[in-house]
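Subject: Handing over a structure, with notes

Dear colleague,

Please find below the structure that I am passing on to you. My notes follow it, and I hope they will help you find your way around.

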Amino acid sequence: KAIMSLLGVQILAKIVNFGLNVAIVKQTGRKMYGIGAVPLALLLSTVQFLSREGVRGACRRIDLNALGITQQTRRKRLFHMVNLSWVGVAAAVFAVGPVALFGISQFQYQGVSNSVYFALMASALVELLAEPAFNVIIAHELLQVKACVEGIGIIVKALILLFGILYLNMGPIIYALAQLGFSLTHLVGYYGYVAYAQLPALKKPDGTPLSLGSLMPSVDIQRNGVLMCPKSKNRKKEDEEEEKQTALIDNESKGVALALSAQNVVKWVLTEGDKIILMSAKAKTQLSSSTAASGGNGGSANEDMDAVYGVVFNLGSLLGRLVFEPVETHSRVQFDKLSSARLSLQQEEEGEEESSDPIPESRS
């Protein structure tokens, strides 16, 4: 059922994108379509992919619904997941976003001002604000919710693009406004579902529901509904356990996020390298054509190059996105849950072995 939902979203996205591309080319020409397919798509994918994919992978390995865990333990894991999610947002705001904005603006892509790049990046950051709620939903394996929110977002984005291009004759800034509509749909959809559904992880140990404030970053674990247990005689072991549980981010999740983020840099280069090469080639062509006499067809060739790339890229990724991406998304969630369940079992067995050891008597 989850795979079919994701497959339906991919089919909807392909149909809507095909109709949008036809409308854009007929109404504005190849140049407008090429702008959306190359520089703006590169900026959007760079900011979002590099800042959140590694964090998402680490959050999927935090099991909020393991069998036998108490509500107290579930809340501690949620505390770590939420803080880790906001680390990805902070990385996009203070590191990935500014670097990507500066790098792409250096190409001086003809027809795109720096204000358009900045507006698109701001719209992408709005979508990243929904990451804590998104990760909680994925932790409960609610892929149907993901498919529903993305489907609504695709329709909202398409309507904004059509209205701005067909009726208002807007320029590239319409891509940023459409992305803003898509981002707000994610923000309202995910947080709205979390507030409505009252998921098990969003409850206090006594069973009362928590507010959406529990999805905000925090340095106080007790403020988020987690009560610290009184200590017994084995203080050293409990001090170590308390330090681990009250850490802002679990050390293991932190290591997984860093490792996956490093892998995603390589994946980003392999995925988006063609756009970078295309923009570099176009920048050189624009520089050489600017020194030549006007009246040539260099501009038309550049527009054709971008538009042809957009068509070939969308057609080439058709099979992968329709068939493999839904299966990959579902498989990632399931494999990560199996991995986290095995790790929880190992930690439980280690804890039982330590508790079975006799406490050494103190010598006078």
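Helices and strands are here taken as DSSP runs, helices being H or I over at least four residues and strands E over at least two, and they are numbered from the N terminus. The model is a predicted one, in which local features need a pLDDT of at least 70 and side-chain atom pairs count only at pLDDT 80 or more, while totals for chains, interfaces and linings use all residues. Residues are numbered from 1 along each chain as its sequence is written, and side-chain values use heavy atoms, with hydrogens and water left out.

**The chain as a whole**

The protein chain has 12 helices and zero strands, so that you will meet helices in what follows. Of its 364 residues, 43% count as buried, where buried means under 20% relative accessible area, exposed means over 50%, and partly exposed is what lies in between (1.4 Å probe, protein chains only). If one takes the contacts (heavy atoms within 4.5 Å) between residues at least 6 apart in sequence, 82% of them join residues at least 24 apart.

**Helix 3**

Helix 3 covers residues 39-60, and at 1.5 Å a residue its 22 residues should span 32 Å, which agrees with the 31 Å between its end C-alpha atoms; the expected span is 1.5 Å times one less than the number of residues. Helix 3 nevertheless bends by about 35 degrees at Arg52, the bend being the angle between axes fitted to the seven residues ending there and the seven starting there. Because 20 of its 22 residues are buried, helix 3 is largely enclosed by the rest of the structure.

Two residues of this helix may serve as starting points. Leu44 lies in helix 3 and counts as buried, at 18% relative accessibility. Leu44 touches Leu120, Ala124 and Gln179, if residues up to four places away in sequence are not counted, and its C-alpha atom is separated by 6.5 Å from that of Ala124, although the two are 80 residues apart along the chain. Ser45, also in helix 3, is in contact with Leu50 and Glu272 once its neighbours within four places in sequence are left aside. The C-alpha atoms of Ser45 and Glu272 are separated by 8.4 Å, with their positions 227 residues apart along the chain.

**Helix 5 and helix 8**

The 15 residues of helix 5 should span 21 Å at 1.5 Å a residue, and its end C-alpha atoms are indeed 21 Å apart. Its buried residues are Val116, Tyr117, Leu120, Met121, Ser123, Ala124, Leu125, Val126, Glu127 and Leu128, and what covers them includes helix 3, helix 4 (71-105), helix 6 (131-139) and helix 8.

How do helix 5 and helix 8 lie relative to each other? The axes of helix 5 (residues 114-128) and helix 8 (residues 173-197) come within 8 Å and cross at roughly 10 degrees, and the two helices are therefore roughly parallel to each other. Axes are lines fitted to C-alpha atoms, for helices over the stretch in contact, with angles from 0 to 180 degrees between N-to-C directions; angles under 35 degrees count as roughly parallel, over 145 as roughly antiparallel, 65 to 115 as roughly perpendicular and the rest as oblique. Among the residues that make the contact are Leu120 and Ala124 of helix 5 and Gln179 of helix 8. The residues of this contact divide into 12 nonpolar, four polar and one charged, where Ala, Val, Leu, Ile, Met, Phe, Trp, Tyr, Cys and Pro count as nonpolar, Asp, Glu, Lys and Arg as charged, and the others, Gly among them, as polar.

Further along helix 8 is Val194, which counts as buried at 3% relative accessibility. The C-alpha atoms of Val194 and Ile137 are separated by 7.4 Å, and the two residues are 57 apart along the chain.

**Two loop residues and one more serine**

Glu141, in the loop between helix 6 and helix 7 (143-167), has a phi near 60 degrees, a positive value in a residue other than glycine, and is partly exposed, with a relative accessible area of 35%. Asn169, in the loop between helix 7 and helix 8, has a positive phi of about 50 degrees although it is not a glycine, and is exposed at 56%.

Lastly, Ser253 lies in helix 10 (residues 251-291) and counts as buried, at 8% relative accessibility. Ser253 touches Ala58, Ile62 and Leu84, again not counting residues up to four places away in sequence.

With kind regards
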